[in-house]
Amino acid sequence: MGTVKEAGDPRVRMWAPVGQAIALLLGPYAEVVLHDPDTDCILAIWNPMTAREPGDPSLLGELDALDPSARDVFGPYEKLLADGRRLSSVSAVLRGPDGGATAVLCVNLDRTPLEQAAAVLSAFGAPSAARPQPLFEQDWNEQIQHVVGTYVRDCGRPVERLTRADRLEVLARLEKAGVFAVRRATPAVAGALRVSRSTLYGLLAELRAAGGTDPSP
């Protein structure tokens with residue numbers, strides 16, 4: 001499962017159980033590598049995903065281009081294998097009692113099974129036909145939920161964090177859909193946007209004033 005450059009190296013003796021434990025827990029999808037920062041060579045490797053072996057160059061210079069995510073920790077950052085697999089990698093600088101860097105431990109996780117699972121879950125139960133408009137054109141509450149929900153998904157912000165401009169755009173879409181022709185729809189829109197009725201009336205007045213239409217809901 002793992003190979004080492006020099007079994008008598010105290011760094012290998014100290015960190016081998018950690019490397020083995022991570023490889024066992026995440027295997028066969030994780031490669032664990034222990035590097036020597038002084039010689040820039042691999043000290044040990046568990047579950048290798050490529051032909052790299054102990055003694056091969058570590059090429060740790062790639063870490064110089066990364067901002068640490070925590071003290072002595074870099075990543076997770078992305079790597080790409082020659083066969084197209086994408087990896088999520090994290091590297092930790094291991095220090096001795098004097099504070100000097102004695103080794104670097106890297107974990108490379110193959111994201112392939114996660115991406116495959118995500119694709120399956122995304123496809124599961126997904127609609128395969130267009131939304132049957134005749135079923136919903138008379139359901140103004142469904143129209144409200146659809147318009148607000150579509151905007152929230154498109155902009156990538158939860159409804160509570162919509163800006164004033166966002167809310168005006170949503171109201172414009174609802175106005176175009178004819179939702180406000182139903183007088184009972186106004187409180188429902190306020191609830192969907194998580195604003196008070198007075199706030200909604202103010203936004204509607206602003207929208208209609210800008211469009212030169214009757215401001216009454």
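Contact, in what follows, means heavy atoms within 4.5 Å. With that in mind, proline 37, found in the loop between strand E2 (30-36) and strand E3 (41-46), touches Leu60, Ala101, Thr102, Ala103 and Val104, not counting residues up to four places away in sequence. The helices (H or I, at least four residues) and strands (E, at least two) named here are DSSP runs, numbered from the N terminus. This is a predicted model, in which local features need pLDDT of at least 70 and side-chain atom pairs count only at pLDDT 80 or more, while totals for chains, interfaces and linings use all residues. Residues are numbered from 1 along each chain as its sequence is written, and side-chain values use heavy atoms, with hydrogens and water left out.

Proline 37 and alanine 101 are 64 residues apart in sequence, yet their C-alpha atoms are 7.2 Å apart in space. At 29% relative accessibility, proline 37 counts as partly exposed, because buried means under 20% relative accessible area, exposed over 50%, and partly exposed in between (1.4 Å probe, protein chains only).

Helix H1 covers residues 10-26, and the expected span of a helix is 1.5 Å times one less than its number of residues. For these 17 residues the expectation is 24 Å, and the end C-alpha atoms of H1 are 25 Å apart, which agrees. A kink of about 40° nevertheless lies at alanine 16, shortly before proline 17, where the bend at a residue is the angle between axes fitted to the seven residues ending there and the seven starting there. Aspartate 9 caps the N-terminal end of H1, with a side-chain oxygen 2.8 Å from the backbone nitrogen of arginine 11.

Arginine 11 itself is in helix H1 and is buried, with a relative accessible area of 19%. Its side chain is joined to that of aspartate 36 by a polar contact of 3.1 Å, a polar contact being a pair of N or O atoms within 3.5 Å; within protein, one must be able to donate a hydrogen and the other to accept it, and residues adjacent in sequence count only if both atoms are side-chain atoms. Leaving aside neighbours within four places in sequence, arginine 11 is in contact with Leu34, Asp36, Leu43, Thr102 and Ala103.

Aspartate 110, in strand E7 (residues 101-110), counts as buried at 6% relative accessibility. The side chain of aspartate 110 makes a polar contact of 2.7 Å with the side chain of threonine 112, and beyond four places in sequence aspartate 110 is in contact with Tyr29, Met49, Arg85, Arg86 and Leu87.

A nonpolar core is a set of buried Ala, Val, Leu, Ile, Met, Phe, Trp, Tyr and Cys residues joined through side-chain atoms within 4.5 Å. The largest has 23 residues, of which Ile144, Val148, Leu171, Leu174, Val189, Leu193 and Leu200 touch the most other members. Helix H4 (140-155), helix H5 (164-176), helix H6 (185-193) and helix H7 (197-211) each supply at least two residues of this core. A second, separate core of 13 residues includes Leu43, Ala44, Ala103 and Leu105.

Some details of the backbone remain. Cis peptide bonds, each with omega about 5°, join glycine 27 to proline 28 and glycine 75 to proline 76; proline 28 lies in the loop between H1 and E2, whereas proline 76 lies in strand E5 (residues 73-80).
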